[in-house]
Structures are given as C-alpha cells and as structure tokens.
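Dear colleague,

I am handing over the structure that we spoke about, and below it I have written out what was found, step by step. Please keep the structure open while you read, so that you can look up each residue as it comes.

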Amino acid sequence: MEKNAKIYVAGHRGMVGSAIYRKLQKEGYSNLITRTSAELDLRNQQAVTDFFTAEQPQYVFLAAAKVGGIIANNTYRADFLYENLCIQNNVIHQAYKNGVKKLMFLGSSCIYPKLAPQPLKEEYLLTGLLEETNEPYAIAKIAGIKMADAYRAQYNCNFISVMPTNLYGYNDNYHPQNSHVLPALIRKFHEAKVNQQAEVNIWGSGTPMREFLFADDLADACYFLMQNYNETGFLNIGTGEDLTIKDLAILIKNIIGFEGELTFDSSKPDGTPRKLMDVSKLHALGWKHKVSLEEGIKLAYQDFLEKHS
Ligand SMILES: NC(=O)c1ccc[n+]([C@@H]2O[C@H](COP(=O)([O-])OP(=O)(O)OC[C@H]3O[C@@H](n4cnc5c(N)ncnc54)[C@H](OP(=O)(O)O)[C@@H]3O)[C@@H](O)[C@H]2O)c1
C-alpha cells in the first residue's frame, strides 16, 4: 500500500477498526476515509453504492460488523445473519465494481465446526456442524470468505480474508449482556471490587479453553498481511496459546485486585469446549504477536477505567 493510498477503514470506531486506523496512522498513512454507521449504514445497498462511487477507495479493511458475545449471538439470531450478510455483500460487491486494489475481510474463529480437532487449522472449515449459539453469525462470516474467494476467482479481485481469535483491547464493548467473555469479566470484577462484593459468579463451568489476542496486535497482523498475503481461502490470526476461563478469571481478578471468592454457574452455556487457532501459516509468513495476555489486560483495564468508570 502506497503511503498516499486512499484507504477505507469500515468500522473505524469499533475495537478492531480503531486499532487498524491507529496502526495506519502510525505507519504514516494520511489518506484514510471513515464513516460512522450513522453517516453510512452499510446495510443500505444504495448508500454503499453512492459512497464507493464518490470516494473511490483503493484499499478496504472491512472491520464493520454486528458483533457480540454468546447471549447476543443467540438472542438476535436473525439480526446477526441479516445485518452481517448485508454489510459484507454491499462492501465486497462495491469494492469489485469500483476497482478496489485490495480488500481485507475480517471474520472470526467461530466459523470452525464445534467439535473440530484442536488446534484449528484453516482446512477444517466446513468439515462439521457449527456451534448452535452463534451459527447465524458464523454462516454470515463463512459466506464472506466464500464471497471474497468467488470475486477473486471470477473477477480476479485481490480480496483476502483473515479469521482472528477472541480479541480484547482499547474501545472494547463492556455492555453487561452483549459483551464477550474477557471484557465482561473485567467489568464484573471491577464492579465487584468497587461494591465490595463477597463473590463474583461466572457464567458456565469455567473449564472451556480460550485464546485471546490484543486488538493492536491484530491490527499489526492485518497491516502485515495487507502487504504480504494474496491468497484464496483465509488465514488464522491468533497467539497459538490458550487457557481455561477459570484461569483467565483468576488473572483478571488479580490484575483488578478483587479479593472476594470466585464461583461458577454451570447452568449457563459454555459454548465450544476449546477454540485454539493453529497459527503455523501466519508464523511461517513471519508474523507473531507481541503483547502478552497479562500486559494486554492491564492496558485494556486502564482503557475501561478511563471510559467506563
Ligand atoms: N471482538 C472480537 O473478539 C472479535 C474476534 C474475532 C473477530 N472479530 C471481527 O472483527 C470485526 C470487528 O469487530 P469489533 O470487535 O471491532 O466490533 P465492534 O467494536 O462492535 O465494532 C463494529 C463496528 O462496525 C460498525 N458497524 C456495525 N454495523 C454497521 C452498519 N450497519 N453500518 C456501518 N457500520 C456498522 C460500527 O460502527 P459505529 O461505531 O459507527 O456504529 C462499529 O464501529 C468483526 O468482523 C468481527 O467479526 C472480532
């Protein structure tokens, strides 16, 4: 990407989009275009057509999506499927129509079958049934990968897809019901500390294993891949390291300084038992994460304190 290239970061106020935006600024890119969802509703086909026709971006990072945790995914099943399909269909099609040089589509590790062997290799896509709670979201993301591939095959578009593991970082969503596990735990422990609660009750058994990547590390990987990866299919982005939800909770508890007890509510859904990315392809290309989980949680907690307390 040339330093004066016109780059559209879709979803620039979100956790991922804002990290990509910061990374591009840091690397000296100044011709960045952004729109909030209020200014440009990416579900609106005509609005997206008009935007691409007028702006003619050369590169696109598609980090706009309807995103949420397990409860939001399961409750708003129709919205997660419909809105994500609309957003990605409109942006990918208009990127083709307007000759975008390269587009990156961001998916998520939930595209893998629920019981796929671990760690998750890229070739396990579509080899089994999906996790029921986030199936609509995963179906939309799989459609996005296939769409990028189809436009590459039929129209020779350089559209690539990346599937990040669970993310956390600056500008995360700390909504009490709609957030992902790590920010939800930060909020819970923070509130428990402030309210001097005796215990914190955690949804699920605490035994599922999860992997977490700091969003600024993801942005660094996206930037790296935008220059070094031009293939069909997709690439996993993660750390290749995981831990149990219980160990994660203990880590967050200690960072926040909550001194009460931890209990687990096994009546709540656990989701997939383990979700660890195989990142050997990414490592072979020459990229590795830099921020440790402990360091990243400390930074995320600082950001939470500045914005939400
Ligand atoms: N969070 C994670 O753990 C995680 C993990 C793996 C992959 N990802 C992927 O990363 C991408 C971004 O996730 P995120 O965590 O950054 O989400 P986020 O913080 O919720 O941000 C989503 C962004 O999408 C924009 N958006 C949503 N609906 C829109 C619409 N109809 N029109 C225009 N813009 C719209 C929002 O814009 P406004 O702010 O202007 O409303 C927001 O900035 C997603 O594709 C997601 O699948 C996330």
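A search of the whole structure, which is a predicted model, finds 17 salt bridges. As general background, side chains of opposite charge can pair when their charged atoms come close.

One of these pairs is formed by aspartate 216 and arginine 22, whose side chains meet in a salt bridge with a distance of 2.7 Å from N to O. Because aspartate 216 lies in helix H7 (residues 215-228) and arginine 22 in helix H1 (residues 15-26), the pair ties together parts that are 194 residues apart in sequence. Aspartate 216 is partly exposed, with a relative accessible area of 25%, and arginine 22 is partly exposed too, with a value of 29%.

A second pair to look at is arginine 43 with glutamate 83, where the salt bridge has an N to O distance of 3.3 Å. Here arginine 43 sits in the loop between strand S2 (32-33) and helix H2 (45-55), while glutamate 83 belongs to helix H4 (residues 77-97), so this salt bridge ties together parts that are 40 residues apart in sequence. Arginine 43 has a relative accessible area of 35% and is therefore partly exposed, whereas glutamate 83, at 17% relative accessibility, counts as buried; the cut-off that matters for this reading is that buried means under 20%.

The third pair joins arginine 274 and aspartate 242, at 2.8 Å from N to O. This pair links distant parts of the chain, since arginine 274 is in strand S13 (residues 274-275) and aspartate 242 is in the loop between strand S10 (235-237) and strand S11 (243-244), 32 residues apart. Arginine 274 counts as partly exposed, at 31% relative accessibility. Apart from these pairs, salt bridges that share partners join Lys23, Glu27, Asp220 and Lys290 into one network.

Which side chain of opposite charge is nearest to arginine 210, a residue that is buried yet has no salt bridge? It is glutamate 131, which is 7.2 Å away from arginine 210. Arginine 210 has its place in strand S8 (residues 209-210), and, leaving aside neighbours within four places in sequence, its contacts include Asn166, Leu243, Ile245, Gly271 and Pro273. Also among the contacts of arginine 210 are Asp242 and Arg274, the two residues whose side chains meet in the salt bridge described above.

Next come some details of the backbone. In general, most residues other than glycine have a negative phi, and most peptide bonds are trans. Asparagine 156, however, has a positive phi of about 65° although it is not a glycine; asparagine 156 is found in the loop between H5 and strand S5 (159-164), and at 69% relative accessibility it counts as exposed. Asparagine 171 likewise has a positive phi, of about 60°, without being a glycine, and its place is in the loop between strand S6 (166-168) and helix H6 (181-194). With a relative accessible area of 29%, asparagine 171 is partly exposed. The peptide bond from glutamine 118 to proline 119 is cis, with omega near -10°, and proline 119 is found in the loop between strand S4 (102-106) and helix H5 (135-155).

Is glycine 296 buried or exposed? At 0% relative accessibility, glycine 296 counts as buried. Glycine 296 is found in helix H10 (residues 293-308), and it touches Tyr168, Phe214 and Val291, not counting residues up to four places away in sequence.

Finally, a few words on the whole chain. The protein has 10 helices and 13 strands. Its radius of gyration is 19 Å, close to the 19 Å that the globule rule gives for 309 residues, so the protein is as compact as a globular protein of that length. Of the 309 residues, 53% count as buried, and among contacts between residues at least 6 apart in sequence, 81% join residues at least 24 apart. The accessible surface comes to about 13600 Å², of which 49% belongs to carbon and sulfur atoms. As for charge, the protein has 32 positive and 34 negative side chains, and the centres of the two sets lie 3 Å apart.

With kind regards

Terms used: Residues numbered from 1 in each chain as written. Predicted model: local features only at pLDDT ≥ 70, side-chain atom pairs only at ≥ 80, totals over all residues. Heavy atoms only, no water. Helix = DSSP H or I, 4+ residues; strand = E, 2+ residues; numbered from the N terminus. Rg over C-alpha atoms; globule rule 2.2 N^0.38 Å. Buried < 20%, exposed > 50% of the residue type's maximum accessible area, 1.4 Å probe, protein only. Contact = heavy atoms within 4.5 Å. Areas by Shrake-Rupley, 256 points an atom, 1.4 Å probe, with all protein chains shown as cover. Lys, Arg positive; Asp, Glu negative; His and termini not counted. Charge placed at Lys NZ, Arg CZ, Asp CG, Glu CD. Salt bridge = Lys/Arg side-chain N within 4 Å of Asp/Glu carboxyl O.
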